[in-house]
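Reader: I would like a close look at one part of this structure, and then at what lies around it. Please keep it plain.

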Amino acid sequence: MAGRDRVVHLLTQLASAACRCPAHSNTFHQGVGAATCSIRKTDYAFEMASSNIRYGDGVTKEIGMDLQNLGARNVCLMTDRNLSRLPPVASVLESLSRSGVTYKVYDNVRVEPTDASFKDAIRFAKSEAFDVFVAVGGGSVMDTCKAANLYASHPDAHFLDFVNAPIGRGKPVTGALKPLIAVPTTAGTGSETTGVAIFDFEPLKAKTGIASRAIRPTLGIVDPQHTLSMPERVAANSGFDVLCHALESYTALAYHQRSPCPPNPLQRPAYQGSNPISDVWSRHALAVVAKFLKRAVRDPEDVEARSSMHLASVFAGIGFGNAGVHLCHGMSYPIAGNVKTHSAKGYGVEHPLVPHGLSVVLTSPAVFTFTAPMCPERHLEAAQILGADTRQVKRADAGAVLADALRDFLFSLQVEDGLEAVGYGMEDIPALVRGTVPQERVTKLSPREHTEEDLSRLFEASMKLY
């Protein structure tokens with residue numbers, strides 16, 4: 001077959017295999033490459049962005065040389081108090097010392113950070129002329145370090161300037177930031193790949209964040225040795241975050257249906273909607289989760305499983321970091337932000353906590369039952385990857401089948417039985433809905449439009465899982 005014919009053949013195969021559901025069919029906009037936003041209401045393009053990623057067993061030993069190569073003279077290393085006593089931080093500090101790198105450690109990062117804890121880290125970052133930042137930890141540490149780097153590089157900015165609208169002003173980041181190297185120690189958030197930093201905004205008891213490609217780490221050092229110290233429930237909850245990153249980004253509104261169309265490429269959001277490149281990463285991440293998460297939770301010494309989940313976190317991070325997430329994450333923010341007394345095992349914190357991955361996954365059966373009518377093929381494919389037999393399933397049953405597959409998966413990993421099990425009741429639903437409404441940055445990427453009444457029903461359906 002001639003080269004040109006081979007290309008045509010491959011494109012034909014891809015087109016025939018493409019999802020035909022309303023939320024993802026590309027047929028209506030074929031040939032619009034020259035379209036501009038002056039004549040379109042929805043976007044017509046997407047772009048891919050990710051941190052550089054280095055993966056390898058023991059690769060943390062190279063970080064001192066990386067900092068030398070960057071010409072670092074004064075490094076700010078951020079972590080949390082628990083991790084500061086554990087092998088991941090020790091290995092980073094050993095590498096820095098071996099390379100003669102000058103550093104100072106900030107170990108007051110809060111698990112599930114707040115606006116107050118962000119501001120404390122920002123004050124530390126502004127206290128000296130740091131020229132490189134290093135984050136060693138999970139999503140809380142990496143997000144805190146991103147924010148500290150951002151505001152230290154923009155010392156005159158008000159805290160709400162870069163925070164996502166409608167809570168903040170959502171201003172674009174125009175100034176240069178210092179290099180940031182992220183060393184993830186959990187297999188969940190994918191924060192080492194993304195330009196997103198999430199925190200609890202305590203005045204509203206809701207999560208919000210900062211989203212800009214400018215705050216993306218310069219380099220993510222993914223060392224599977226660091227995941228071996230994760231407690232069982234931390235491994236589980238981190239894995240649930242990967243699971244929902246993959247599912248939500250794969251089922252998100254398609255990029256060419258997202259509005260408005262940006263008048264300038266600088267205004268194209270990081271979360272652009274599902275697209276053909278993110279789809280590849282998200283689907284693969286889901287397959288890795290299905291194969292390895294149970295093993296990674298049940299046996300902390302299963303190096304293959306824990307290493308695979310660490311990579312799955314990266315894969316899903318690249319996927320959702322460009323496509324976005326939707327209702328599970330949007331609804332999770334008030335679940336975490338309104339926590340009352342729930343105590344999370346394995347986290348070593350004194351304050352009440354619903355871990356992020358848990359707050360996300362508890363609504364997943366209800367959410368995907370709700371969204372399935374808009375793209376049933378994708379929901380069925382996800383159910384099949386998770387182990388469901390979908391050969392005789394009708395499109396109309398896609399949501400129920402995926403929801404059952406999720407319930408079986410969660411039950412096997414001893415996940416709490418719904419929102420009631422983490423301290424919520426029917427009387428809390430209005431507050432949970434109010435906390436979800438401002439999360440339009442992600443909820444608008446749901447493939448199915450929704451009202452506050454829909455959100456109420458989804459929270460109600462999530463009170464019990466089994």
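Which residue follows α13, and is its phi positive or negative?

Author: The structure here is a predicted model. The residue that follows α13 is Q414, and the phi of Q414 is positive, near 60 degrees.

The helix itself comes next. α13 covers residues 398-412, which makes 15 residues. From its first C-alpha to its last, α13 reaches 21 Å, close to the 21 Å expected at 1.5 Å a residue. Several residues of α13 are buried: A398, G399, V401, L402, A403, A405, L406, F409 and L410. Buried stands for a relative accessible area under 20%. These buried residues of α13 pack against five helices, namely α6, α7 (276-298), α10, α11 (364-371) and α12 (376-385).

Two of those helices, α6 and α10, lead to a pocket. α6 (232-251) and α10 (356-361) each supply at least two residues of the lining of the second largest pocket, as do α5 (139-153), β6 (196-201) and α9 (327-337). The most comes from α6, which gives 5 residues to this lining. The volume of the second largest pocket is about 780 Å³. Its lining has 40 residues, and those closest to its centre are G138, G139, S140, T186 and T189. Sorted by class, the lining of the second largest pocket holds 16 nonpolar, 18 polar and 6 charged residues.

One of the contributors to that pocket, β6, is a strand worth following. All 6 of the 6 residues of β6 are buried, so β6 is largely enclosed by the rest of the structure. β6 runs antiparallel to β7, and 6 bridges join the two. One pair in this arrangement is V196 with its bridge partner A211 in β7. Between β6 and β7 there are 4 residues, and the two strands form a hairpin. In the turn of this hairpin, K205 has a positive phi of about 50 degrees.

β7 then leads to another pocket. Both β7 (206-211) and α15 (440-443) supply at least two residues each to the lining of the largest pocket. The largest pocket has a volume of about 930 Å³. It is lined by 30 residues, of which G170, A211, Q267, R268 and P269 are the closest to its centre. A211 is thus named twice here: as the bridge partner of V196, and among the residues closest to the centre of the largest pocket. By class, the lining of the largest pocket consists of 15 nonpolar, 6 polar and 9 charged residues.

Cavities are a separate matter from pockets. Searching the whole structure gives 2 cavities of 30 Å³ or more. The largest cavity has a volume of about 70 Å³. Residues that line the largest cavity include T193, T194, G195, S212 and R213. The class count for the lining of the largest cavity is 3 nonpolar, 7 polar and 2 charged. The second largest cavity holds about 40 Å³ of space. Among the residues that line the second largest cavity are T208, G209 and R441. T208 and G209 fall in the range of β7 (206-211), and R441 in that of α15 (440-443). The lining of the second largest cavity divides into 4 nonpolar, 4 polar and 1 charged.

A further strand, β4, can be compared with β6 in terms of burial. β4 covers residues 132-137, and 6 of its 6 residues are buried. V132, V134 and V136 point one way from β4, F133, A135 and G137 point the other way, and all are buried. β4 has two pairings to note. With strand β2 (residues 75-78), β4 pairs in the parallel sense over 4 bridges, and V75 stands opposite V132. With strand β5 (residues 180-184), β4 runs parallel and is joined by 5 bridges. The bridge partner of A135 in β5 is A182.

Two loop residues complete the picture. S99 sits in the loop between α3 (87-98) and β3 (103-106). The relative accessible area of S99 is 15%, so S99 counts as buried. Apart from neighbours within four places in sequence, S99 is in contact with G64, M65 and Q68. Y44 sits in the loop between α1 (3-17) and β1 (52-55). At 25% relative accessibility, Y44 is partly exposed. Y44 and R258 lie 214 residues apart in sequence, and their C-alpha atoms are 8.8 Å apart in space.

How values were computed
Residues numbered from 1 in each chain as written. Predicted model: local features only at pLDDT ≥ 70, side-chain atom pairs only at ≥ 80, totals over all residues. Heavy atoms only, no water. 1 Å grid on protein atoms, 1.4 Å probe; cavity = no way out; pocket = protein on both sides within 12 Å on 5 of 7 lines; lining within 4 Å. Points joined across faces, edges and corners; volume = space filled by probe spheres on them. Nonpolar A, V, L, I, M, F, W, Y, C, P; charged D, E, K, R; others polar. Buried < 20%, exposed > 50% of the residue type's maximum accessible area, 1.4 Å probe, protein only. Pairing = 2+ DSSP bridges. Expected span 1.5 Å × (residues − 1). Contact = heavy atoms within 4.5 Å.
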